[in-house]
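Student: Please give me a close look at a single part of this structure. I want to know what sits around it and how it is held.

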Amino acid sequence: MRPSSFLPYLSVGAATISGALAQDASYDTIPAIEVYGQHFFYTNNGSQFYLKGVAYQQGYSPTGAKKRDSTVEYTDPLADVDSCKRDIPFMKQIFTNVIRVYALDPTANHDECMEELAANDIYVVADLSEPNTSIDSSDPSWNVPLFQRYAAVVDALSKYNNVIGFFAGNEVISKANETAAAAFVKAAVRDTKSYIKSQNYRSSLGVGYATADVPSRDDLADYFACQPTDEGNGTSIDFWGYNVYSWCGDSTYQESSYGERVDFFKDYPVPVFFAEYGCIEGVDGGATHRPFTEVEVLYGNMTEVFSGGIVYEWFMEENNYGLVSIDGSSVSPYPDFTSLQKQLKTVSPTTTQSSEYTPSNSAPACPTVYSSWAAVPSPLPPAVNPQLCECETAAGDCAVASDDSEDYGAAFGYICGKGDYCDAIARNATTGDYGAIGGCSPKQQLAFVANLYYQDNGKASDACDFNGVASTQAASTADSCSTLLEAAGTAGTGDVPTPTAAQGTDGAAASSSSEGAAISGLSAPAFFNYGKLLFVGYVALAIVSAVGIVVL
């Protein structure tokens, strides 16, 4: 992840910045942070970088929120320069050098906030998802709407030197029956890294994952860092975020299990840091009196393995984790703000120069499928290629007429029960069986399988209707589609070429903080994840009840 020259990207709808800012913006001149082995380093002088951060997003609670929620609105914290100017001076009082943001509007202008942050030597780690466009734990997929959302956020932030990187997922896997979702997050890591490279963005931009302190945490850590193919680190994370709340009040290194985490990660090949920390349980005086005694340990005897952490969180919300109270332009710190300030003021972690450091840790072995782990490391879900999906839709004689995804369930059930048509949209993380069309939107997936059924039934007039959901069209194939269609195959069970063109622009306008504006992270019916037994039951239910499933 050594940096190279990067191509600035002006996000859709961004206003022209002022001449002075354009000539010498701090986000242009601040040294980027790079990953080298198990540590972060400044690119200008090779000094080691430790994260001293705070989670910065108001009105949005990501921790424990695993499913898409179209009712959740969010406000982009990097698009509100007045709030940035109000809060940054207080952030510096607690020695903040990085903030984590959970949901951004990729169409907004972030220049002023990013300039204010850079001028104060503050970096950013950004999550790529948002409440209505994220990988669903119970019905995982990696598809066009998700990829376009991720690419749009990368496009919007790639030009800022003070962006360290991105999280491709946050606590997606938290239960034993959700580990299959890891394959789809790993595919998201792969495609996001590939997209950054294809657009010639700064090579030091990293892509990681943030996990909760869950029973599958060790398998998760190995799975995301392992390299099962000859692609090198193309499918592995660049850094590992750990949301940990085991140190409560005046705990200890042993009681909190911090020592166990250090022992586990001592041979990990990439940087590890606390992506969230700051337990409020059992604290004398209540939630606002956290003593933050873990700080001395985190920036003390843990620094050979851990690269610091990010306190959860800045704003006081209903969950009572906030460090400050906000009233208009006024910021009022709580007692734990002062405790954190005092603790961070006394730490002086040992630093290493990159020139004196030789990485020696190698990628771990990938976990195998067993009773508590359901995702094979290879193959992963195919690369998402929006152009392929568009080409397949245009090339079919049978198209989906309805834009209402609630109409699709019965049609999927009927077609998939009539033969092997739905092999094209299979997505089984446990066996590694994936169709080439599984990364398309649900409408495009249904169009593909409906067209297969239509062709197989001699193009009979009633073979492309499905109660008004589909209708015939004049098929067309552009010259640029021929190679893509050939790779995917007529049955949709072939290969998916990796896209090389910009992908975020088209999807960006549909994913914003405005009410109802977010892209829906739709997927086809969930039975494709888990094999034909559940599929047979689903088809029977759909036929008997004559009611299709709701595509989630």
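Tutor: What follows is a walk around one strand and its surroundings. This is a predicted model, numbered from 1 along each chain as its sequence is written, in which local features need pLDDT of at least 70, side-chain atom pairs count only at pLDDT 80 or more, and totals for chains, interfaces and linings use all residues. Side-chain values use heavy atoms, without hydrogens and water.

Start with strand β5, residues 98-101. Strands are DSSP E runs of at least two residues and helices are H or I runs of at least four, both numbered from the N terminus. V98 and R100 point to one side of β5, while I99 and V101 point to the other. In a regular strand, side chains alternate between the two faces of the sheet. All four of these residues are buried (under 20% relative accessible area; exposed is over 50%, partly exposed in between; 1.4 Å probe, protein chains only). Note that the charged residue R100 is on that buried list.

Now the neighbours. Strand β4 (residues 51-55) runs parallel to β5 and is joined to it by three bridges. Pairing here needs at least two DSSP bridges between the strands. A55 has R100 as its bridge partner in β5. Strand β6 (residues 123-127) also pairs with β5 in the parallel sense, over four bridges. There, V124 of β6 stands opposite I99.

These pairs belong to a closed barrel. Eight strands make up the barrel, in the order β4-β5-β6-β7-β8-β9-β10-β11, with parallel pairing. From one strand to the next, the twist averages 25 degrees. Further round, four bridges join β7 (residues 163-170) to β8 (residues 206-212), again in parallel. G208 of β8 is the bridge partner of F167.

Step back to N97, in the loop between α3 and β5. N97 has 12% relative accessibility, so it counts as buried. Its contacts (heavy atoms within 4.5 Å) include L51, K52 and G53. F49, Y50, D121, I122 and Y123 are also touched by N97, leaving aside residues up to four places away in sequence. N97 and Y123 lie 26 residues apart in sequence, yet 6.0 Å apart in space, C-alpha to C-alpha.

One of those contacts, F49, falls in β3 (48-49), an edge strand that pairs on one side only. β3 belongs to an open sheet of three strands, ordered β1-β2-β3, with antiparallel pairing. The other edge strand is β1 (33-36). Four bridges hold β1 and β2 (residues 39-42) together in the antiparallel sense. I33 has Y42 as its bridge partner in β2.

Before the N97 loop comes helix α3 (residues 81-93), which packs against α4 (residues 111-119) at an angle of about 15 degrees, with the axes 8 Å apart. Axes are lines fitted to C-alpha atoms over the stretch in contact, with angles from 0 to 180 degrees between N-to-C directions. The two helices are therefore roughly parallel (under 35 degrees; over 145 is roughly antiparallel, 65 to 115 roughly perpendicular, the rest oblique). V81, C84, K85 and I88 of α3 meet E112, C113, E116 and L117 of α4. By class, that contact has five nonpolar, no polar and three charged residues.

Technical notes: Ala, Val, Leu, Ile, Met, Phe, Trp, Tyr, Cys and Pro count as nonpolar, Asp, Glu, Lys and Arg as charged, and the others, Gly among them, as polar.
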